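Biologist: I am new to this structure and would like a close look at a single part of it. Please start with one strand and its pairing, and then work outward to what lies around it.

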Amino acid sequence: GSGIRSIQISESVLSRIERGTFWGCGNLSQIKLPNSVKSIGAYAFYHSGLEAIKIPDSVEEIEECAFSGCQRLTTAELSNSLRKIGDYAFRSSGLESIELPDSVEEIGREAFSGCQKLAFAMVGNGVTVVGISAFENCALTTVTIGNRVEVIDDCAFAGNRKLSKVVIPQNVTRMEYAAFRDCEALADIIFPDSLTKIDGWALDGTSWYAGQA
């Protein structure tokens, strides 16, 4: 909650940004993290004023709510060693696009939900499950889903009203409850042969569903 505007942490043996370290620092617009950091703790930058962040390649985990509510945060360059993005990690932030590197294995619940400027998302080839509500109620117009994804979980892309086309990659076996619900413009869907389950309301409210017999 301090008024600090910028901070540069010198290269060091610092391995972790602890829980809530910069919570509520509304004037903090920029920070440079050292390459020694391996994890960013829960709520570390919660509701801070960050405008951009480059996550160094040493970082392996971003914990829950780490950047949640950072409404000025338009750009995040993720670590090429990142394995886990925690629950609500970037929820309701100002991100305009996001690319998840192939190192990412886990996307938590509502990791990017409510990012109302998020128009482009690329899910890398390391992810097997797109988490519950991971991209719900964003502004997606384009999404690329990695070819190792097996499950698109509940409400994963629900409420993206401008999303018009999606390619469900081979290996996806389950499209869970309300996965694309209320994606009003979604008219073009390519389904893989691997798909064995489409759960309730998964495509409800889409143009594709409205056009079915």
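Modeller: This is a predicted model, and the part to look at is strand 11. Strand 9, residues 97–99, pairs with strand 11 in the parallel sense, over 3 bridges. Within that pairing, I98 stands opposite A121 of strand 11. Strand 11 is also joined to strand 13 by 4 bridges, and these two strands run parallel as well. Here V123 has I145 in strand 13 as its bridge partner.

The two faces of strand 11 can be told apart: A121 and V123 make up the covered face, while F120 and M122 make up the uncovered one. A121, the residue opposite I98, and V123, the partner of I145, thus both belong to the covered face.

From the strand we can pass to the core. The largest nonpolar core has 62 residues, and F67, F90, F112, F135 and F180 have the most contacts inside it. Strand 11 (120–123) and strand 13 (142–145) are the elements that give two or more residues to this core. F112 can serve as an example of its contacts. Setting aside neighbours within four places in sequence, F112 is in contact with I85, F90, L95, I98, L100, I107, L118, A134, F135 and C138. Among these contacts is I98, the residue that stands opposite A121 in strand 11. F90 and F135, also in contact with F112, are likewise among the residues with the most contacts inside the core.

C138 leads to the cysteines. A search of the whole structure finds 0 disulfides. C115 is in no disulfide, and the nearest cysteine sulfur, that of C138, is 4.9 Å away. With a relative accessibility of 0%, C115 counts as buried. For C183, the closest cysteine sulfur is also in C138, but it is 10 Å away, which is too far for a bond. C183 too counts as buried, at 0% relative accessibility.

The loop that leads up to strand 11 deserves a look as well. E110 is found between strand 10 and strand 11. Its phi is near 55 degrees, a positive value in a residue other than glycine. E110 counts as partly exposed because its relative accessibility is 22%. A178 also has a phi near 55 degrees, again positive and again in a residue other than glycine. A178 lies in the loop between strand 16 (174–175) and strand 17 (188–190). Unlike the partly exposed E110, A178 is buried, with a relative accessible area of 2%.

Strand 10, on the other side of the E110 loop, belongs to another sheet arrangement. There, 5 strands form an open sheet in the order 2-4-6-8-10, with parallel pairing. Strand 2 (16–17) and strand 10 (106–107) stand at the edges with a single partner strand each, so one side of each has no neighbour in the sheet. Strand 2 is joined to strand 4, residues 39–40, by 2 bridges, and the two run parallel. R16 has S39 in strand 4 as its bridge partner.

R16 also meets a residue from a loop. E63 sits in the loop between strand 6 (61–62) and strand 7 (75–77). Not counting residues up to four places away in sequence, E63 touches R16, I40, G41, A42, G86 and A89. At 19% relative accessibility, E63 counts as buried, since the cut-off is under 20%.

Note on methods. Residues numbered from 1 in each chain as written. Predicted model: local features only at pLDDT ≥ 70, side-chain atom pairs only at ≥ 80, totals over all residues. Heavy atoms only, no water. Pairing = 2+ DSSP bridges. Disulfide = S-S within 2.5 Å. Buried < 20%, exposed > 50% of the residue type's maximum accessible area, 1.4 Å probe, protein only. Core = buried A, V, L, I, M, F, W, Y, C linked by side-chain atoms within 4.5 Å. Contact = heavy atoms within 4.5 Å.
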